[in-house]
Amino acid sequence: MPGMVVFGRRWGIASDDLVFPGCFELFFRLLWWIGTMILFTYHKGNFDCNGKGVLHSYLVGLLVVLALIISSLCATVYVSAQGTITNPGPRRSIPALVYLRALLYIPELVWACLGAVWVSDDSKGCDPATVGAVIAAVVASWIILLFTAVGVVFVFDPLGNPRPRPTSMEPLGVRDLQSSEGTQFFSTARSLAVKVWESRLRLLCCCLPQDESRRAAFSSISQLLSGFFSDTDLVPSDIAAGLALLHQEQDKMEMSRDPEVTVEHSPSSPIGEDLETELEKAAHCMQFAAAAYGWPLYIYSNLFTGPCKLSGDCCRSRAAEYDIVGGDHLGCHFSSILHSTGLQYRDFIYVSFHNQIYEIPFFVALDHKREAVLVAVRGTLSLKDVLTDLSAECENLPIEGVTGACYAHKGICQAAGFIYKKLMNDGILNQAFSIAPEYKLVITGHSLGAGTASLLAILLHNSYPTLQCYSFSPPGGLLSKALADYSKDFVVSVVLGKDLVPRLSIPNMEDLKRRILKIVSNCNKPKYRILLQGCWYELFGGDPDDFPTEMDNRREEELSQPLLGEESLIIRHSSSYQSLASDDSPAHTAAHLPLFLPGRILHITEDGPSRRSCFSQVRYRADWSNEMAFRSILISPRMLADHMPDAVLRALKSLTSDHPFPLCPSSLSNSQHNTI
């Protein structure tokens, strides 16, 4: 549903978004009106104190104003609950009700001032309960006015000038797409959108120095975000409703799907390669990938013992014992790494906590247990890392010996280049191998660190042909197909469950947007019911709802034609937009270059029902998968929880341990039997 147009501009809220805030305010106003009526009735309108005339007028006026506000809220809630997301016709009177409600703020403000004047000047000699009630009413009025102002700020859309509508004889979107006036309008709107997103990023990162690299990053990220949102006219609640519907639809499809055949060996690995051995190596490397996050993850994973263990090590001066670069003045990061990995001070060759855009922390250490020189790269832990993540356009990455198009995620590519120069130009790897020449090179990381580790492995592979890389929960939009195939010989990616990040790429986001538009335009339920039932399903489970759709009774041949509802949500047809009846993979249809996960992919999933009691045991299975299995985003409450490094580490340990974890999961994973 396009944003509601009132006061001469379009807002970031639709006409069917007033049900929940209206009900909340209505409940509050009813209690307020009842309390005021009880107070007035108890005194029978006669007050024995100074200023009793003003008090009588104030209470009578307050009852009238509250009654008018309650009436307007009832009408607003009722009308806002009518129709569907793509059928706003029954809600055409909402703008008039909004104007009426805005007018009622004027007498409420006047009465709040009158009550404040009475309390300060004429309340002497009055019953303390009466004075307290008036003070409460005045404070409540000012709180509501304040929250209203805050709400207006939140729903304000800087791009909210009403968009031109097509003539009735032309299909929606065609006139704007073809006419020079429409082209000029969208060009101007796109430029304005880029500036707005750039301003938002600057505000979000106001604490960071504004140098040339950051300005360039802001500009490229703004171009990406403005382009993604430019061809649809959805408000945030429409997206929330679409995600709720899509989650239930995906769960229905998963319940009806036949059990998958387990792939016992990686298709690109030797037949005799043992999956259990690969899992043991991955579980070992994941300890280093998690340790790279420093003290925040260590404290999070050890809430009771972590602070005590670190307290004796932090602030202790050991500058002469090891070389640390930037960002760990108290020594807490390095102390947590020592506790997490079990290594000694002398085992570390280089430790860097230096953090800028495209420059992320890492450390190099000697892993004597596995006889490896290990490079661990930290994942996202700061705003600078987020900007590196969001620099998602493609950048060429030519590699000697690789045929085909070679390109990768720009931000991660530059981060890998930064570490590569440090390792090679500063002689860090030469120093490590001079100490242990028989050791092999192993690179690891989680999330952003996983993507950086994979690209770093590709850059180093010609110099170190025997290197191995273990990439945990890497970003989905990382490598071109040629580079992804090239990395299969030395990179293993580990993905847990329905983790969002390995499925996150621009083509996948375009696919998600297309599916949201389709399911929202097809559903004939009001938005408030979709959101209520969606929240119930997320919290308490149950069977996915079979929402009736406008397509239920349509003829088969009509299904290939776009719906009127879907067209009403499209401002203009972008190059990535197709008919929403098509379910083609975004890998084949998106205008953006497709990017893939690196290397061979080890997918860890839970056996058994997706919902369980807190104290039930979880059984995991690990199967080899392929990059095409991650070409669609799965909606789930676990899509973020499965990405957490401690969850990945716990799952890997459960698969390689003889004893299940006895602890209750915090929605992540837990105690378990080994299933491979």
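This dialogue goes through strands, a helix, salt bridges, a buried serine and a surface patch in a predicted model.

Student: Where should I start with the strands, and which strands does β12 pair with?

Tutor: Start with the bridges and the direction of each pair. Strand β12, residues 600-607, is joined to β11, residues 491-496, by five bridges, and these two strands run parallel. On β13, residues 618-625, β12 has seven bridges, and that pair runs antiparallel.

Student: Which residues can I use to find these pairings in the structure?

Tutor: For the parallel pair, take S493, whose bridge partner in β12 is I601. For the antiparallel pair, take L602, which stands opposite W624 in β13.

Student: How do I check the geometry of a helix, and what is the result for α18?

Tutor: Compare the expected span with the distance between the end C-alpha atoms. Helix α18 covers residues 506-522, and its 17 residues at 1.5 Å each should span 24 Å. The end C-alpha atoms of α18 are 24 Å apart, which agrees.

Student: Is α18 largely enclosed or largely open to the outside?

Tutor: A residue counts as buried if its relative accessible area is under 20%. Of the 17 residues of α18, 15 are buried, so the helix is largely enclosed by the rest of the structure.

Student: How many salt bridges are there, and what is the idea behind them?

Tutor: Side chains of opposite charge can pair when their charged atoms come close. With a cut-off of 4 Å between the side-chain nitrogen and the carboxyl oxygen, the count here is 22 salt bridges.

Student: Which residue forms a salt bridge with E606, and what parts of the chain does the pair link?

Tutor: The partner is R638, with 2.7 Å between the closest N and O atoms. The pair links distant parts of the chain: E606 is in β12 and R638 is in helix α22, residues 638-641, with their positions 32 residues apart. R638 has a relative accessibility of 16%, so R638 counts as buried.

Student: What does a salt bridge within one helix look like, for example that of R650 and D646?

Tutor: Look at the spacing along the chain. Both residues lie in helix α23, residues 645-656, and they are four residues apart, about one turn of the helix. Their side chains meet at 3.4 Å, N to O. D646 is buried at 10% relative accessible area, whereas R650, at 23%, counts as partly exposed.

Student: Which other salt bridges should I look at?

Tutor: D623 forms one with R621, the closest N and O atoms being 3.0 Å apart. D623 is buried, with 14% relative accessible area. There is also a network of salt bridges that links D16, D17, R91, D238 and K527.

Student: Is S471 buried or exposed, and what does its side chain contact?

Tutor: For a polar side chain, check the burial and then the contacts. S471 is found in strand β10, residues 468-472, and is buried with a relative accessible area of 0%. Its side chain reaches the backbone oxygen of A450 at 3.3 Å. A polar contact of 3.3 Å also joins the side chains of S471 and S454.

Student: Which residues make the nonpolar surface patch?

Tutor: I135, V139, I143 and F147 make a patch of about 370 Å². F147 is found in helix α4, residues 128-155. The cut-off for exposed is over 50%, and F147 counts as exposed because its relative accessibility is 60%.

Definitions and conventions. Residues numbered from 1 in each chain as written. Predicted model: local features only at pLDDT ≥ 70, side-chain atom pairs only at ≥ 80, totals over all residues. Heavy atoms only, no water. Pairing = 2+ DSSP bridges. Patch = residues over 30% accessible without salt bridge, like charges linked within 9 Å, V, L, I, M, F, W, Y side chains within 5 Å. Areas by Shrake-Rupley, 256 points an atom, 1.4 Å probe, with all protein chains shown as cover. Buried < 20%, exposed > 50% of the residue type's maximum accessible area, 1.4 Å probe, protein only. Expected span 1.5 Å × (residues − 1). Polar contact = N/O pair within 3.5 Å; in protein donor to acceptor, adjacent residues only side chain to side chain.
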